[in-house]
Amino acid sequence: MTDASGLDPADAEAHEGVRLGTATGRAVVAAAVLGSGMTMLDGTVVNVALATIGKDLDASLAQLQWITNGYLLSLASLILLGGSLGDRYGRRKVFVIGTVWFAIASLLCGLAPNPTVLIAARVLQGAGAALLTPGSLAMIQGAFVRGDRAKAIGSWVGLGGIASAIGPFLGGFLVEYANWRWIFLINLPIAVLTVVIALKAVPETLDPHAPRRLDFTGAVLATVFLGGLTFALIEWGSAAAPWAIGIAILAAVGYVVDERRSEHPMLPLGIFADRTFSAANAMTLVVYAALGAVLFFLVLQLQTVGGYGALQAGMATLPITLCMLLLASKGGALGTRIGPRIPLTVGPLVMAGGALLLLGVGEDVRYWTDVLPGMTVFGLGLALMVAPLTATVLAAVADEHAGIASGVNNAVARAGSLLAVAALPVVVGLGGEEYADPVAFDSAYDSAVMICAVLLALGGVVSWVTIRDPGV
């Protein structure tokens, strides 16, 4: 039974009184950060370990791409379904189920004996992340009073962004001083703590108007579309690539038709009628494509060409972590005060400048002059942009659609990273075992970083042209 707000009666009183500074408020943010932080961590932590995994499991470049993209593929494909399930059955409930699923898949990753098993386990891990990720943000949107939501989202973004940024550092430490398998096994105790906090302190919320049936057809078609496109990009040049593109196109057409005709669409296309919502997601696609690709190429460049160890390569990205920790919540507050247009324009442009500064990373790389300035500038732009972007996406839809809106934006972000990591090695001429060839990789790195800088600048332009501040 739920009341008109979509809350279980037992949770209604807690919901009405949840403020950011209270014990319950802190618990909601903690559970959301720990859960989504695991998924962000595993989106980046693997990059540092790829070279070691490749040697240990005798993996090709295509297999290394799939170790990264198998996770992103299932996450991007199923995250809308995860948001719908949370809106329908309870955001906390689906969040907890996703966290347990993610932990089990992480265990399978840590025990994988070969690349094929690891790729399969990563796909399962992404499916678990698709359940818990939209729920983490929807729990905040549904639990906090309206006046505290922007600050809570800023805290969630800042602390969660640290998990993403700290991934290379943590991965490098575990690879160098333990074993690459621990980058997955470390998720188990975090998952236990997340579940305990969520069950004890987080109030349940849901959308009382959510459709009773779920759009599994849409979920399958979305998966086929992204899977076919990703396969074609990674396996470009093979006889199967054109067939994969054809299947992806048919699945995309079928998805749009299904969503338009379905009485219970996974993604109500009407939400894209809001200009701000559509524009923010368009910007998300190009910016997160560049973000994922920069971290993918930089960490491999430092190891393959610069001679860095895994820990050194991971520590190289520490400035992003510090910027997110110290400034992300301030970026959210700034966006609330002056509106999102300027942060969403300036942030990506600053990130583009940081990417260009990273062009100096090569064989004779010096951290203090070649890496630190670029990483710092990149982190400053990211901290300025992320919280206003999330708040803008959620503010553009009704509260009852928080789960699906969060799912859409997360799906777009993950799809951007997925497609960039799949496509850029092809575009810059990398293939086979060339990721381990310093000469070949060094040449490809500069081209990849330049493309990322262009994408980031494009994201800033899209924001300036299309985003409008409230009341304008």
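Biologist: Contact here means heavy atoms within 4.5 Å. With neighbours within four places in sequence left aside, which residues are in contact with C452?

Modeller: This is a predicted model, in which local features need pLDDT of at least 70, side-chain atom pairs count only at pLDDT 80 or more, and totals for chains, interfaces and linings use all residues. Residues are numbered from 1 along each chain as its sequence is written, and side-chain values use heavy atoms, with hydrogens and water left out. C452 is placed in helix α17, and its contacts beyond that sequence window are A290, A293, V294 and L424.

Biologist: Is C452 buried or exposed?

Modeller: The classes are buried (under 20% relative accessible area), exposed (over 50%) and partly exposed in between, with a 1.4 Å probe and protein chains only. C452 has a relative accessibility of 1%, so the class is buried.

Biologist: How far apart are the C-alpha atoms of C452 and A420?

Modeller: Along the chain, C452 and A420 are 32 residues apart. In space, their C-alpha atoms are separated by 9.1 Å.

Biologist: V465 is found in α17 too; what class does V465 fall in?

Modeller: V465 shares helix α17 with C452. The relative accessibility of V465 is 48%, so V465 counts as partly exposed.

Biologist: How many helices and strands does the chain have?

Modeller: Helices (H or I, at least four residues) and strands (E, at least two) are DSSP runs, numbered from the N terminus. The chain has 472 residues, of which 59% count as buried. Among contacts with a separation of 6 or more, 85% join residues 24 or more positions apart. The count of elements is 17 helices and 0 strands.

Biologist: Which residues touch the most other members of the largest nonpolar core?

Modeller: A nonpolar core is a set of buried Ala, Val, Leu, Ile, Met, Phe, Trp, Tyr and Cys residues joined through side-chain atoms within 4.5 Å. The largest one holds 137 residues, and helix α11 (residues 275-304) supplies its largest share, 19 residues. Apart from it there is another core of 6 residues, including L81, V94, L214 and A219. In the largest core, the members that touch the most others are L118, F297, L302 and M385.

Biologist: Beyond four places in sequence, which residues is L302 in contact with?

Modeller: L302 is one of the residues that touch the most other members of the largest core. Outside its sequence neighbours within four places, the contacts of L302 are G307, Y308, A313, A316, V361, V365 and V371.

Biologist: How far is the backbone oxygen of A129 from a polar atom of the T133 side chain?

Modeller: T133 is found in helix α5 (residues 115-143). T133 is buried because its relative accessible area is 2%. Leaving aside neighbours within four places in sequence, T133 is in contact with T39, L75, I79, S406, N410 and R414. The distance from the backbone oxygen of A129 to a polar atom of the T133 side chain is 2.7 Å.

Biologist: What is the phi of D58?

Modeller: D58 lies in the loop between α2 (23-57) and α3 (61-89), and D58 is exposed because its relative accessible area is 68%. Most residues other than glycine have a negative phi. D58 is not a glycine, yet its phi is positive, at about 55 degrees.

Note on methods. A polar contact is a pair of N or O atoms within 3.5 Å; within protein, one must be able to donate a hydrogen and the other to accept it, and residues adjacent in sequence count only if both atoms are side-chain atoms.
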